[in-house]
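Student: I have a new model open and would like to learn how to read it. Could you walk me through it?

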Protein chains: 4
Amino acid sequence: MPASEPFDDDHFHDECGLFGVFGHPEAAKLTYLGLYALQHRGQESAGIVTARGDRLHVEKGLGLVNDVFDDARMGRLTGDRAMGHVRYSTAGGVLMENAQPIAIDCHRGPIALAHNGNLVNAKALHERLEAAGSIFQSTSDTEVILHLYARSHQTKLDDAIAVSLSKLMGAFSLLFLTPDALIAARDPWGFRPLVLGDLDGAVVVSSETCALDLIGATYLRDVEPGELLIADANGIRSLRPFPTTEIRQCVFEHLYFARPDSHLFGRDVLASRLEMGRRLAREAPADADVVVPVPDSGMGAAMGYAEESGLPFQWGLIRNHYVGRTFIEPEQSIRSFGVRIKLNPVRSVLKNKRVVLIDDSIVRGTTSRKIVAMVRSAGAREVHVRISSPPTTGPCFYGIDTPRRSELIAANHSVAEIARHLSADSLAYISSDGLLASVGDPDCNVHCRACFTGEYPVAVTEDWKLSLAEKA
Amino acid sequence: MPASEPFDDDHFHDECGLFGVFGHPEAAKLTYLGLYALQHRGQESAGIVTARGDRLHVEKGLGLVNDVFDDARMGRLTGDRAMGHVRYSTAGGVLMENAQPIAIDCHRGPIALAHNGNLVNAKALHERLEAAGSIFQSTSDTEVILHLYARSHQTKLDDAIAVSLSKLMGAFSLLFLTPDALIAARDPWGFRPLVLGDLDGAVVVSSETCALDLIGATYLRDVEPGELLIADANGIRSLRPFPTTEIRQCVFEHLYFARPDSHLFGRDVLASRLEMGRRLAREAPADADVVVPVPDSGMGAAMGYAEESGLPFQWGLIRNHYVGRTFIEPEQSIRSFGVRIKLNPVRSVLKNKRVVLIDDSIVRGTTSRKIVAMVRSAGAREVHVRISSPPTTGPCFYGIDTPRRSELIAANHSVAEIARHLSADSLAYISSDGLLASVGDPDCNVHCRACFTGEYPVAVTEDWKLSLAEKA
Amino acid sequence: MPASEPFDDDHFHDECGLFGVFGHPEAAKLTYLGLYALQHRGQESAGIVTARGDRLHVEKGLGLVNDVFDDARMGRLTGDRAMGHVRYSTAGGVLMENAQPIAIDCHRGPIALAHNGNLVNAKALHERLEAAGSIFQSTSDTEVILHLYARSHQTKLDDAIAVSLSKLMGAFSLLFLTPDALIAARDPWGFRPLVLGDLDGAVVVSSETCALDLIGATYLRDVEPGELLIADANGIRSLRPFPTTEIRQCVFEHLYFARPDSHLFGRDVLASRLEMGRRLAREAPADADVVVPVPDSGMGAAMGYAEESGLPFQWGLIRNHYVGRTFIEPEQSIRSFGVRIKLNPVRSVLKNKRVVLIDDSIVRGTTSRKIVAMVRSAGAREVHVRISSPPTTGPCFYGIDTPRRSELIAANHSVAEIARHLSADSLAYISSDGLLASVGDPDCNVHCRACFTGEYPVAVTEDWKLSLAEKA
Amino acid sequence: MPASEPFDDDHFHDECGLFGVFGHPEAAKLTYLGLYALQHRGQESAGIVTARGDRLHVEKGLGLVNDVFDDARMGRLTGDRAMGHVRYSTAGGVLMENAQPIAIDCHRGPIALAHNGNLVNAKALHERLEAAGSIFQSTSDTEVILHLYARSHQTKLDDAIAVSLSKLMGAFSLLFLTPDALIAARDPWGFRPLVLGDLDGAVVVSSETCALDLIGATYLRDVEPGELLIADANGIRSLRPFPTTEIRQCVFEHLYFARPDSHLFGRDVLASRLEMGRRLAREAPADADVVVPVPDSGMGAAMGYAEESGLPFQWGLIRNHYVGRTFIEPEQSIRSFGVRIKLNPVRSVLKNKRVVLIDDSIVRGTTSRKIVAMVRSAGAREVHVRISSPPTTGPCFYGIDTPRRSELIAANHSVAEIARHLSADSLAYISSDGLLASVGDPDCNVHCRACFTGEYPVAVTEDWKLSLAEKA
């Protein structure tokens, strides 16, 4: 009676969400709500830290925001400045040690850090720091950054942060909290999102705008790639401590990670997805009867595809939203079981229909294969799979949980082979250009699409090569 | 810092889901999965009972199926026959005492019962039984039925069940489990659904077909109104112990309660909802730009409306599916807060648009009002509300949790008044005839629509009048 | 890695403790404290019921009083009348269904019952009630009593209770709570204790006086054997509804069950135990150096033995009071492990000494054997075991959890054989006369000693014979 | 309804217990049992770390050993070397961050540390380390030691440990675990105990011998003051890396902290306590009828006092061993309530008696005052308090949780004043010489008694002065 993963959720996964408030009497509660709205960015652990007087107080735990925080914990999170973090654990079990924010004391005083992203030179820095006598209580990049900060010699906070972050290669959207300041930073490539908002004069920082909406805050602008923002009693100041480089915002945020109601990298996410669908319809039309999304990931693109193709958009797969993290399976196998726990086909929609099935990506192909089989078993005459991303051929090193290259079906098989594997009547992916055009960046000036092209914008360190081997 | 209901979920609520298996070595695990698929019918408590030898074993608890059952509990649920129950508690707190199934011993031996529905003569029976010396450990109708069974004088099981059930007035879909038999029954009006399936020769009974789909069972037919089905070592036998009466299946199952992927009362649920949308579009067209559903309840009707009207179907409200049962609110009120925790508008979809907003019903009007305001705040120029049910003017006495009449906005206000209350530019409900036609019963031969018309099909008892007063 | 019982605690076990309050604004909190003081009488489940208006409210759960009740639960237990129960589960697992008090509704209105004792005609009554149409949700005697009450035809409460209880054979100390009254009853034999106290005018009833002490209540007198006490708005009234019979109070309450600081059956418990020790010293002197109790059960008798014999009382065995209900054992066996988890010998006290080891009883002999071995391994030259009860040769049917006769070492072996089994240099039990004299009842006029003599005071029913066979 | 501390337990408190095993296939389970036996040394958190291959695995949590460890956690603790820790938290709440062992990675590889004691130069070291760029995730001394180790430049493990520990001033009994070795160390003064044992060839280290007894290990000898013991694949080696100094073992271990069945600093603890009682009887006889201990702390001394004085030892106060960490108090105050939850007087023992009441110490005097009042309320004619320690006039800086000096009643009042405060008929403390003689060290060559004399053996650092001020 194995308790197993409810659903082979064959997607890339974002690793974290960040939220911070400076200057509001209910800072912790707003942070709690902000994390609630960012829950899709990480479900493994949640944490909030507040500052009052010259002390920080942190509460964190494993589970959803709703499970980790109760009245007692919230009651201890006093003060008018706070920040929080939700985390999706990548591998090797869910460890309390890796829950964030991490709060420490150092010669500069107490400081807490929450991180979304992934450094490509973390191992090198880790080794150098250990050689210099540092100790590590976790395996997270976050602890590396805190060590750099603690060892910096600059007298002013701004400089210490700036110098520390200058040593980092790779993806980081960060929030620091000290007793005096809330600090937000985004790496010069701008891999991961971070936005700035205002609530009645209080400074709000969030991974996505959907969290601003929930608390009624106004979206001001993105924290810009390479920007360091410090909010303290003197107001907000913006620094640009890093050498400028090309901007490489993660295109998968628009494709899949972000909530469709968020505004990201200057665009509405749902608008991008609708446009992906429209372009996909033009690039890869299908002689079919209905357009059916794989919910919820394929919803936006399917609507766009339906609009452009003139085919009716239909709700042919129903998702069960009560799916928990694990459940008890029968020993005797049930056909398409793993996917049925989450999705069920609607026979009256699918029967005798030529179906265009829309999803955002195919990672290993395992789930897509089951879904195609399920759609056929509900009576579909043909199944034409359309994917709103190009084939994902390479792992991500910038804060996304992806399988190693050998597991990526598109890294090792042609589209025709994948179509056969899925038993699809046809299969098409959007073109890389089509995707980029959909996010308003037709010449790919400001987006990273390394997972489609293998052209990694930051790839210069020693442990980078190591990582590459590990994810091969 | 009040921990409050996450969302004023202004809907009628179904009260229970049932699932049973007879003759399968993994009976309890299949029941667990069946309840999983029926979770939308009740989230307050879950229970499973199995039979082995001459004993029954029951495990139940408060919470979702996933929370109540772990490996240890499942390990104790042995035997090849099982049944289970999920429950939505109606009022007065969530009580362990009311969790089902209820298992008892009596002179006929051990028996367990799970119930979906509501009796209109429960109080009268309760009083009569108490006067005859019965004791009650809960306030549920279920215990009443068990007392009747224990006091019946028939020598054969079938007769004892039949005679006991003959005394019941109102709505009941029931599952009994004894060491020897799984028994399913449906009241003569057929208020609540119950279907019969087969899994490799094992008998399966479920509230909805979506649970059959999950375990790979084949749908055979509905347990018919007034039918008593006994599955035991001799196979299945069907009895018709009740006087025939008019059939009155709950139209709200098609409108809202059932999962859209279920097949119910002879029809696909989603097909009914699409048709409601189409008819609503014909009955109440709107001069508008986009059709936007209130997710997830308005999805089906919105698709039908869009199809019929030719207006684009748009995903203008995004639902957060991580919403838990309670959460911690800020003290300082946030505009539209209660509804924003669950729904967020998409500005790029709504801005400057004339929006047709589709939902299945308006109960108190509180939530609808907030949604309209939220849609406007996202930039909508006009908001035209269309509802795929007629105005709900009366409470339900047949197993649905509805507020008292005085709280039903449509019981006390005209459509024009409600439109003003919602601040909607226009408001229209589907006609009663349109709704009935949508479920394939244009002359209303087999459906109950008492909550729209006040014509209650079963209304003859003394405590009926009492109930009526209570729900006034 | 078996999680096992921490200690083969080879004792008879009392099954329940009762506590009730009528007429105090903090009735539930006082009951909570009372149960706290009675925790030694039952550690498996705890429950409290209060009355307010015409309703009862019950909270109960598995575990210690301290674990079951938190602020939230206590906050729901309002009203100025309350009663509670702690339970030691006898066999077949710890079941929530058997937790007490049990609260029901019947034609007389709501009533709750808590029971300490064991009926010898429960099965007969159960069968008769089932034949008359009653249903049972547990296997407890308690439910039988409630059925009798619900079926009684007397118009007045007092009569209904009196007539119902008249049908019971065996041991019962009972507390009933109705919206109007707290009712205490003790069977005519008086097997189990029950005392009456006063706290600032409020009526208090408790199994033992130690609970009165904790809340600062004054002990008034015992509820007498055969007495029915009703406390309501009119004050207290005392009825004597049962035919008089011989009084048979359980001598094991003085021997082991009750807390040494309680006053029971007219005597201080510790005084009885000291006297048992003194008499044992006279009856069975030992040529030895030190007197060592098996803590805590042998403490009182060991002090008396030391006093009378002139030998020094020594703390040769230390008890670990942090022992939980279960723990994880190593696979590789450790000598005397099961007993060492709870007791450890003190080498400096025992080395080269001739030790008189005092305990209250030997049930199966398993633990005593391990203790003797452990005392020897700590260097004792001789071990003389002295027991402050006569050999226990028969099971109890009056509310004490005892093993079946075949497991009672003294039922099947001579004292010499037992001494050899224990590897004791000598073994002696107090005489039955000595024991009775120690509790001030030399002619055995008011005590039950059936477990020593096999002379059962109540033994007339059919299921009695069945029970006898089961416990053979 | 405040949930409050169950009992104003007016004692000094030991802060930790240590247990380690090297070379046994069930290392973690033995450690679990060892911690079980050391539970009296710390009840706030428990942790175990094991080594397998080149990795350490740690499991820790808040609560008793029994609560923290279940089968799942134990199953993850594989390997033949393990160590564990129980902790009594001193102040400022129970923090997961401070639970031990702490496991880190550094350039020397993984290492874990468990600590019993308190450094007097921790703050100075902490500041120096911070100035050098170290970060701190807790406020514990333990992290300081790990930083020193990580920054040491010695190439060999032994040297690195030795050099790191050489920088520590104050009390430390330590266990380190690396993948290759279990390392035990005791500060040169020997403040806190640590013993070495053997179990079938496996090395066992424990704070007290009672833990060796439980697992059947043989006590070999104490880890000596100033000794560094390394157990690895080559066997055990002993180093003496510290400059020799005077030995200052904590006399309060014999007085109160250690279990009476332990052998400590070369003596049986119970033997010491008996002798304290005998000497107290000679130094401060009382014209009285009975000797009554405050259980359990006064048990040993009371037996010695009774023996020497010829007065009968009596069990006049009964302790409730089911007392949990918190419970719910009534709002209306009950006389002597705080103490009655744990202790109840026995009237038959105390009535009309002149009582010698024996306890080990008086810290603030609050509890003693309540106990005297309670004993009188049970009828005692006179109460003569005798204390087996001298007046405690100074706080401890070596690992014992003591209140600040201003709260120590004896620091600010004469014995006569204290007697009046307690309402005792007489009060006497053992002399400092008597105490030392009782532990076999009449000239005070090897014990610390700073809390009686104010002569602190290690008091040379800057933060020492700070601490002194803080505890004033």
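Student: How many residues of chain C are in contact with chain D?

Tutor: Before counting, please note that this is a predicted model, where local features need pLDDT of at least 70, side-chain atom pairs count only at pLDDT 80 or more, and totals for chains, interfaces and linings use all residues. Residues are numbered from 1 along each chain as its sequence is written, with chains lettered from A and ligands numbered from 1 in the order in which they are written. Two residues are in contact if their C-beta atoms, placed from the backbone, lie within 7 Å. By that rule, 54 residues of chain C touch 54 residues of chain D.

Student: Which element supplies the largest share of the side of chain C that touches chain D?

Tutor: Helices (H or I, at least four residues) and strands (E, at least two) are DSSP runs, numbered from the N terminus. Here α1(C) gives the largest share, 6 residues. Other elements that each supply at least two residues include α9 (269–283) and α10 (299–309) of chain C. By class, this side has 31 nonpolar, 11 polar and 12 charged residues; Ala, Val, Leu, Ile, Met, Phe, Trp, Tyr, Cys and Pro count as nonpolar, Asp, Glu, Lys and Arg as charged, and the others, Gly among them, as polar.

Student: What turn lays chain C on chain D?

Tutor: Two copies of a chain are related by a rotation about an axis and a shift along it. The fit is by least squares on the C-alpha atoms of residues with pLDDT of at least 70 in both copies. For chain C on chain D, a turn of 180° and a shift of 0.1 Å along the axis give an RMSD of 0.1 Å. The C-alpha of C:H321 is the one in chain C nearest the axis, 3.4 Å away. Because 100% of the interface residues of chain C are also interface residues in chain D, the copies meet through the same surface.

Student: And how many residues of chain A are in contact with chain D?

Tutor: Here 15 residues of chain A meet 15 of chain D. On the chain A side, β7 (102–106), α4 (122–131) and α5 (141–151) give two or more residues each, and α5(A) has the largest share with 4 residues. A rotation of 179° with 0.1 Å of shift along its axis superposes chain A on chain D (RMSD 0.1 Å). The two copies are thus related as by a two-fold rotation axis, and A:S134 has the C-alpha of chain A nearest that axis, at 3.2 Å.

Student: What is the strand order in the open sheet of chain D?

Tutor: Strands pair if DSSP finds at least two bridges between them. This sheet of 4 strands has the order β19-β23-β24-β26, with parallel pairing. β19 (290–293) and β26 (426–429) of chain D each have a single partner strand, so one side of each is left without a neighbour in the sheet. Between β19(D) and β23 (residues 354–359) of chain D there are 4 bridges, and D:P293 has D:I358 as its bridge partner in β23(D).

Student: Which helix lies across β19, β23 and β24 of chain D?

Tutor: Axes are lines fitted to C-alpha atoms, for helices over the stretch in contact, and angles run from 0 to 180 degrees between N-to-C directions. Helix α10 (residues 299–309) of chain D lies across those strands, running at about 170° to β19(D).
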